[in-house]
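Here is a short report on one protein chain. Please look over the sequence and the model before reading on.

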Amino acid sequence: MPPLYVSTQGARLRYRKRRLVVEKGGEELAAVPAIHVDEVLIFGNVSVTTPALGFLLGNDIPVTFLTVRGRYKGRLVGPLGGHVRLRLRQYDRTRDSAWTLETARAIVAAKLHNTRTLLRRYARRAESKTTVAPLTQAANQLGALIERTARCGTVNSLNGVEGRAAAVHFSVFRHLIRAPGWTFKSRNRRPPRDPVNALLSFGYTVLTHQVESAVRSVGLDPYLGFLHQTAYNRPSLALDLVEEFRPIVVDSVVLRCLNNEIILPDNFRYDPEAEYPVLLSDEGRRRFIREIESRLNLTFKHPARDERVTYRRCFELQARHLARCLQTGDVYRPFKVR
């Protein structure tokens, strides 16, 4: 079931007659059967009534609160669940340095593989040799970095390889943008200072909370990771699993929105003096959420399983696979596109 996104500023979410209703100024903007919602994401100045919160928490439907630009503020969830033995095994594995390193290696290698696949796809479609050359060179560099992951002896060294790979990827990202009117010099965040970075950050936030929901659903602790070290209030395990999906879910959706003119420069508000100089408009946010949801619900044949799945289902499968690996000691196998 898809999540419910509420992003209209000044709106209120109510629970009435077994429906979740979004209202503003006495007008009903949207209503969905409550049983069709498995998560609610609230953006910015949106209120939620006590009966709505009672229904959501009572039915184990998490509510995530984000700023209007998509920065995480907090999350309301019901009880964590009874998977105590699984979480104890997860805690034990974090003290197994060999298993932790092997799992972190697999995650980084998969992220680099999926990023390289994205670059190769765009290189094949490129019409100009001046575009093909840098994309091909970057893809080759990522191939060399994938080989380096196997030689990394610590998680810190893996983080260095992953950081180098991200720099390579974003150094050619501008070559992936075909539509006029957009510029991209480098990846920046906290806050993002241009529209393309704003879309990337927003997309990564949405992806993270989708993966965190999958992690929670199988009984794992989302705050105890292997590649991402433990830090206060950071869902490190969810961020671990996010890595393999960043290029194929978020990066590709951002490029689709730009290149197909689904998102336009007019869909942003600009204020260089503000704390957050670039913000998506309400219409731009609705368009981007629609495209992210379309990607998450896209059905495809899983490369390692003989079944058709959506990306949202894939998040759950990877979380369940990790849970089994924690119990058996097998090495985690991340999701890789062909």
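The report covers a sheet, a helix pair and the salt bridges.

## The sheet

This is a predicted model. Four strands make an open sheet with mixed pairing, in the order 1-5-7-8. Strand 1 (4-6) and strand 8 are the edge strands, and each pairs on one side only. Neighbouring strands in this sheet are turned by 15° against each other on average, direction ignored.

Strand 7 (residues 63-66) runs parallel to strand 5 (residues 40-43), and four bridges join the two. Val40 has Val63 of strand 7 as its bridge partner. Ile42 stands opposite Phe65, also in strand 7.

The pairing of strand 7 with strand 8 (residues 72-76) is antiparallel, again over four bridges. Here the bridge partner of Val63 is Leu76 in strand 8. Val63 thus has a partner in each direction: Val40 and Leu76. Strands 7 and 8 form a hairpin with five residues between them. Gly70 sits in that turn and has a positive phi of about 100°.

In a regular strand, side chains alternate between the two faces of the sheet.

A helix also lies across this sheet. Helix 6 (residues 195-217) lies across strand 1, strand 5, strand 7 and strand 8. Helix 6 runs at about 25° to strand 8.

## Helix 8 against helix 9

How do these two helices cross? The axes of helix 8 (residues 246-259) and helix 9 come within 10 Å and cross at roughly 135°. An angle of that kind falls outside the parallel, antiparallel and perpendicular ranges, so helix 8 and helix 9 are oblique to each other. The crossing of helix 8 past helix 9 is right-handed.

Several side chains and backbones can be inspected at this contact. From helix 8, the residues include Ile248, Val249, Val253 and Cys257. Among those they meet in helix 9 are Phe288, Ile292 and Leu296. Charged residues take part too, including Arg256 in helix 8 and Glu291 and Arg295 in helix 9.

## Salt bridges

Side chains of opposite charge can pair when their charged atoms come close. The model has 19 salt bridges. Three of them are listed here.

| Pair | Closest N to O |
|---|---|
| Glu28 and Arg16 | 3.7 Å |
| Glu162 and Lys111 | 2.3 Å |
| Arg312 and Glu293 | 2.7 Å |

Each pair links parts of the chain that are apart in sequence.

Take Glu28 and Arg16, which form a salt bridge. Glu28 lies in strand 4 (residues 27-33) and Arg16 in strand 2 (residues 12-16), twelve residues apart. Glu28 has a relative accessible area of 39%, so it is partly exposed. Arg16, at 30%, also counts as partly exposed.

Glu162 and Lys111 also meet in a salt bridge. Glu162 is in helix 5 (residues 155-171) and Lys111 in helix 3 (residues 97-125), so their pairing ties together parts 51 residues apart in sequence. Are these two residues buried or exposed? Both Glu162 and Lys111 are buried.

The third pair is Arg312 with Glu293. Arg312 belongs to helix 10 (residues 311-328) and Glu293 to helix 9 (residues 282-296), 19 residues apart. Arg312 counts as buried because its relative accessibility is 14%, under the 20% limit. Glu293 is buried as well, with a relative accessible area of 11%.

Salt bridges with shared partners also build a network, which joins Arg14, Arg16, Arg19, Glu23 and Glu28.

Key: Residues numbered from 1 in each chain as written. Predicted model: local features only at pLDDT ≥ 70, side-chain atom pairs only at ≥ 80, totals over all residues. Heavy atoms only, no water. Salt bridge = Lys/Arg side-chain N within 4 Å of Asp/Glu carboxyl O. Buried < 20%, exposed > 50% of the residue type's maximum accessible area, 1.4 Å probe, protein only. Pairing = 2+ DSSP bridges. Axes fitted to C-alpha atoms, helices over the stretch in contact; angles between N-to-C directions. Parallel < 35°, antiparallel > 145°, perpendicular 65-115°, else oblique. Left-handed = near helix turned anticlockwise from the far one by under 90°. Contact = heavy atoms within 4.5 Å.
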